[in-house]
Amino acid sequence: MTRILLLGGTTEASTLASTLAKDGMDAVFSYAGRTAKPVSQPLPTRVGGFGGVDGLTAYLQAENITHVVDATHPFAAQMSTNAVQACEAAGVPLCAFERPAWQAGEGDTWVRTDSVDGAVGALPDTPARVFLAIGKQNLTQFAAKPQHHYLLRLVDAPEAPLPLPHTTVEIARGPFDAAGDTALMRRHGITHVVAKNAGGAGAAAKLTAARDLALPVIMIGRPQVPARPVKGSVAEVMAWLSHPAD
């Protein structure tokens, strides 16, 4: 019997969950638990961490998991690394369901960096108004440049004081559109955009808006994770589930 652990948190994961449920597959959807009200799924759902590689290995064995699909955010490098190591230890096949990275096009002004710290360094020394479109996990590093005013767009309202002295917080859940993001940036007088190269259509609107407004985008590249099979569509994942050895 096939029993699937779907590591989710992305639009791709939700799309795959719908297909698995429609096909009557035995699958468990796992959320990291970083948002207060995650999107409901048509599969049995668990929320929270596993306790590192050892905890995930034990879970795979205890729950008789036969396949793991890693459809986490491209920047969830620790979870993806743990998944590779746990699946190797448990002898469970794994594949990643990953959206392609964004590519700069005509009219884009991108400053590429390999890290959050690099993005901090790429911001100007003179005060600017920055759309910090990176979620809430890496805000502390930007306290090194407190002269800027930062616009944050978060799914949940902050539960604790933010580490940045000058901020505006907008609570919203994507997907977003270019017209809305253009209006947002104009309303807040944005001069710079900082983004993680997450890829996908749901969060690309800010890049279109930045292009239309001729704003520079400081683009943080994806972190490295161990090699694993990568699929780019639901159909490819479903085919792999039928023949994981391929």
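Analyst: A good starting point is one cut-off: a residue is called exposed when its relative accessible area is over 50%, and buried when that area is under 20%. The structure above is a predicted model.

User: Thanks! Then why is Lys22 called exposed?

Analyst: Lys22 has a relative accessible area of 75%. The cut-off for exposed is over 50%, so Lys22 is exposed. You will find Lys22 in helix α1. Its C-alpha is 9.9 Å from that of Leu43, and the two are 21 residues apart in sequence.

User: What makes Cys87 and Cys95 count as buried or exposed?

Analyst: Cys87 has a relative accessibility of 4%, and Cys95 has 0%. Buried means under 20%, so Cys87 counts as buried, and so does Cys95.

User: Why do Cys87 and Cys95 not form a disulfide?

Analyst: A disulfide is a covalent bond between the sulfur atoms of two cysteines. Here the two sulfurs would have to lie within 2.5 Å. The cysteine sulfur closest to that of Cys87 is in Cys95, at 9.8 Å, which is too far for a bond. Taken from the other side, the closest cysteine sulfur to that of Cys95 belongs to Cys87, and the distance is again too far for a bond. A search of the whole structure finds zero disulfides.

User: Let's turn to the sheets. What makes β3 and β12 edge strands?

Analyst: They belong to an open sheet of six strands with parallel pairing, in the order β3-β2-β1-β4-β5-β12. β3 (45-47) and β12 (230-231) each pair on one side only, and that makes them its edge strands.

User: How do you know that β5 pairs with β12?

Analyst: Pairing calls for at least two bridges between the strands. Strand β5 (residues 94-97) is joined to β12 by two bridges, so the requirement is met. The two strands run parallel, and Ala96 has Val230 in β12 as its bridge partner.

User: And how do you know that β4 has partners in β1 and β5?

Analyst: The same kind of count works here. β1 and β4 run parallel and are joined by four bridges, while β4 and β5 pair in the parallel sense over three. Since at least two bridges are needed, β4 is paired with β1 and with β5. Val68 of β4 has Leu5 opposite on the one hand and Leu94 of β5 on the other.

User: What makes both faces of β4 covered?

Analyst: His67 and Val69 point to one side, Val68 and Asp70 to the other, and all of them are buried. Each one therefore has under 20% relative accessible area.

User: Which helices lie on this sheet?

Analyst: Helix α1 (residues 11-22) lies across β1 (4-7), β2 (27-31), β4 (67-70) and β5, and runs at about 155 degrees to β1. Helix α2 (residues 52-62) packs on the sheet as well, touching β1, β2, β3 and β4, with its direction at about 145 degrees to that of β1.

User: Why are α2 and α3 called oblique to each other?

Analyst: α2 and helix α3 (residues 77-90) pack at about 50 degrees, and their axes are 8 Å apart. Roughly parallel needs under 35 degrees, and roughly perpendicular needs 65 to 115. The angle fits neither range, so α2 and α3 are oblique. The contact includes Leu56 and Leu60 of α2, and Ala83 and Cys87 of α3.

User: Why is α5 called oblique to α6?

Analyst: The axes of helix α5 (residues 178-187) and helix α6 (residues 205-212) come within 8 Å and cross at roughly 60 degrees. That makes α5 oblique to α6, because roughly perpendicular starts at 65 degrees and roughly parallel ends at 35. The crossing is right-handed. Among the residues that meet there are Ala178 and Met185 in α5, and Ala205 and Ala209 in α6.

User: What makes β6 and β9 edge strands of the other sheet?

Analyst: That open sheet has six strands with parallel pairing, in the order β6-β11-β10-β7-β8-β9. β6 (110-113) and β9 (167-171) each have a single partner strand, so one side of each is left without a neighbour in the sheet.

User: How do you know that β7 and β10 are paired?

Analyst: Strands β7 (residues 129-133) and β10 (residues 192-196) share four bridges in the parallel sense. At least two are needed, so they count as paired. The bridge partner of Leu132 in β10 is Val194. α5 packs on this sheet, touching β7, β8 (149-154), β9 and β10, and α6 packs on it too, touching β6, β7, β10 and β11 (217-220).

Definitions and conventions. Residues numbered from 1 in each chain as written. Predicted model: local features only at pLDDT ≥ 70, side-chain atom pairs only at ≥ 80, totals over all residues. Heavy atoms only, no water. Buried < 20%, exposed > 50% of the residue type's maximum accessible area, 1.4 Å probe, protein only. Contact = heavy atoms within 4.5 Å. Axes fitted to C-alpha atoms, helices over the stretch in contact; angles between N-to-C directions. Parallel < 35°, antiparallel > 145°, perpendicular 65-115°, else oblique. Left-handed = near helix turned anticlockwise from the far one by under 90°.
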